[in-house]
Structure formats: structure tokens, C-alpha cells
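Subject: A structure for you, with notes on its pockets, cavities and one helix pair

Hi,

I am passing a structure on to you, and I hope you enjoy looking through it. Please open it first, then read on.

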Amino acid sequence: MAFAPALKIDEQYSFMKKEALKRKRHSRLPREQRMREIMQVAAQVFREKGYSEALTAQIAARAGVVEGTIYRYFPGKRELLIRVVEQWYERILADYDQQLAVLQGTRARLRFLIWRHLTVIHNEPGMCRLIFNQLRAWPEYRRTSVFDLTREYTRRTLEILQQAIDAGEFRADLPLRVVRDMIYGGVEHHTWVYLRGEGDFSPDAAADAMTEMVYRGLAREQPAATQPPAAELTLRRLEAVARRLEQSASDDRGSARV
């Protein structure tokens, strides 16, 4: 019985020593592994709270490190967000290339790109809000690696459109960048309410409708009729009336100032 207290002390000491060794091993993780762990946790916090409300102290606590450790690997919260988004984009781009490699035909490849963008927004609303609402608003956004990855993200669409033009499948009198902007701008406008947390949408249904409109709009047309269709004539008349009304209003404002 006289030795029991000593045994308890030895057990406590052994336990404390093991815990200290665990912490020491954890603190000596390879640099790349440590960065991956911090970025993984940071991505979760950014998705949940947004950029402004996410604190590096919260990220550090979830990652099991002191806050100063984050600044050993990343200059600040902004740079940490950029690295998180970079990693996210790289994963998506790798999947794009893998899927496109097995798809044949302009319509199928175009639909996949539209559907994939819709699906990314549907499945990753938190990350998309960060990119659309936060990163794009930064004055230096166009100088970041994220901007370059965004261009890479949309470049595949331009390539598919150009290949269809070269093959004579699509008309060549429309600027490809405008078509690209219509596709991605249309997707983002269609999903805006969802990103606000209101309602839902179907990536499949939206992709079918958008692909049909884009494909039909770009497909080579038959020789134009000698007379413009009635709808075009009506539109021209409405535009002429609108111009006259605008001119009349401008003249009235000028007279009032005199």
C-alpha cells in the first residue's frame, strides 16, 4: 500500500510524457501537410462565415494550432483565401479535362460545361459567394492568380466554340468572348436568388435550356430571306418610336432650361 501513490505519480508522468510527444510530433508535421490542414479548415470557415466574419483565430482553433502558426505559412487572411480558392479551382479544372476527354460532339461538350458550372454553384454556394461577392470586388482582383484561373476556367468554352466554327458547324460572325460572357453571365444571373439563400434550381433543366438556346443561336443559318420577318419590322418600328420620344424629351428639357 505504501507504493500506491508512487505508482499513480509514475502513471501520470508517463501519460503526460506521451501527450507531450504527440504534440511535439504534431508540431513537426511537414510544411506542405501543415498548409493543407490549415487550408482545409480555412475553406470550411470561409464557407460558413464568409470572408469578413471569418477570423484567423477561429481557423487556428479548429486546426489545433496557435494563431501565429497561420502567419508562418500565409502573410494574411486575404492570401489564405486566395490559396484556398486556387486549390478549389485546380480540382475543378482537373475534373473538367477528364470529363471533356470522353465527350464527343459540340452540343454534348457545350452542355457539359454549362451543366458543370451550374452544378458547381448548386453544390458549392458558399465558395461561389466568396468568389462572386468578395474576391471580384477587390481592386487588385485582376492581378491575382484567381483571376488567371477564372480565365482558364472559361477558356475551354472558347475552344469548343472555335472548334465548331472551324468545322463549319457554328456561324463565324459573332464575337466568341461575347458568347462566353452570355453563357457565364446567364448562369450566374439564373442562380443569383439561390446564392442569396432563397429557393432552388435544377442544374439539369437549366443546362438543357441554355444549351439549346446557345446552340441554336450559333448554328449556321440558311440564306437570309429577302424581306425581314414581321417581328424584326415591329422591333425596328418600336426602336424608331423610342428614339423619337427620347429626342422629344431632350428637346423639352432644353426648352425648359432656356
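Below are my notes on the open pockets, the enclosed cavities and one packed pair of helices. Please keep in mind that this is a predicted model.

**Pockets**

Let me start with the largest pocket, which holds about 390 Å³ of space. It has 18 lining residues, and the closest to its centre are T150, R151, T154, R180 and D181. Two elements give two or more residues to this lining, namely α8 (145-166) and α9 (176-195). The largest share comes from α8, with seven residues. As for the chemistry of the lining of the largest pocket, eight residues are charged, six are nonpolar and four are polar.

The second largest pocket offers about 260 Å³ of space. Its lining consists of L174, P175, V178, V179, M182, I183, G186, M210, M213, V214, G217 and L218. Here the elements that contribute two or more residues are α9 and α10 (203-218). By class, 10 residues of this lining are nonpolar and two are polar, with no charged residues. So that you can set the two pockets side by side, here is a small table.

| Pocket | Space | Nonpolar | Polar | Charged |
|---|---|---|---|---|
| Largest | about 390 Å³ | six | four | eight |
| Second largest | about 260 Å³ | 10 | two | no residues |

**Cavities**

How many cavities of 30 Å³ or more does a search of the whole structure find? There are two.

The largest cavity has a volume of about 40 Å³. Around this cavity you will find W88, Y89, H117, V120, C128, I131, F132, R136 and Y153. At least two lining residues come from each of α5 (77-100), α6 (106-123) and α7 (125-134), and α7 gives the most, with three residues. The lining of the largest cavity comprises seven nonpolar residues, one polar residue and one charged residue.

The second largest cavity also comes out with a volume of about 40 Å³. It is lined by L161, I165, F170, R171, L174, L176, V179 and L218. Both α8 and α9 supply at least two residues of this lining. Seven of the lining residues are nonpolar and one is charged, with no polar residues. When you look at this region, note that L174, V179 and L218 line the second largest cavity and are also listed in the lining of the second largest pocket.

**The α6 and α10 pair**

The last item is how α6 and α10 pack. Their axes lie 9 Å apart, at an angle of about 140°. The two helices are therefore oblique to each other. The crossing in which α6 passes α10 is right-handed.

Which residues of α6 and α10 make the contact?

- From α6: T106, R107, L110, R111, I114, W115, L118, T119 and H122.
- From α10: P203, D204, A206, A207, D208, M210, T211, E212, V214 and Y215.

By class, the residues of this contact divide into 10 nonpolar, five charged and four polar. Two of the α10 residues, M210 and V214, take part in the contact with α6 and also line the second largest pocket.

That is everything I have for now. Do write back with any thoughts once you have had a look.

Warm wishes

Definitions and conventions: Residues numbered from 1 in each chain as written. Predicted model: local features only at pLDDT ≥ 70, side-chain atom pairs only at ≥ 80, totals over all residues. Heavy atoms only, no water. 1 Å grid on protein atoms, 1.4 Å probe; cavity = no way out; pocket = protein on both sides within 12 Å on 5 of 7 lines; lining within 4 Å. Points joined across faces, edges and corners; volume = space filled by probe spheres on them. Helix = DSSP H or I, 4+ residues; strand = E, 2+ residues; numbered from the N terminus. Nonpolar A, V, L, I, M, F, W, Y, C, P; charged D, E, K, R; others polar. Axes fitted to C-alpha atoms, helices over the stretch in contact; angles between N-to-C directions. Parallel < 35°, antiparallel > 145°, perpendicular 65-115°, else oblique. Left-handed = near helix turned anticlockwise from the far one by under 90°. Contact = heavy atoms within 4.5 Å.
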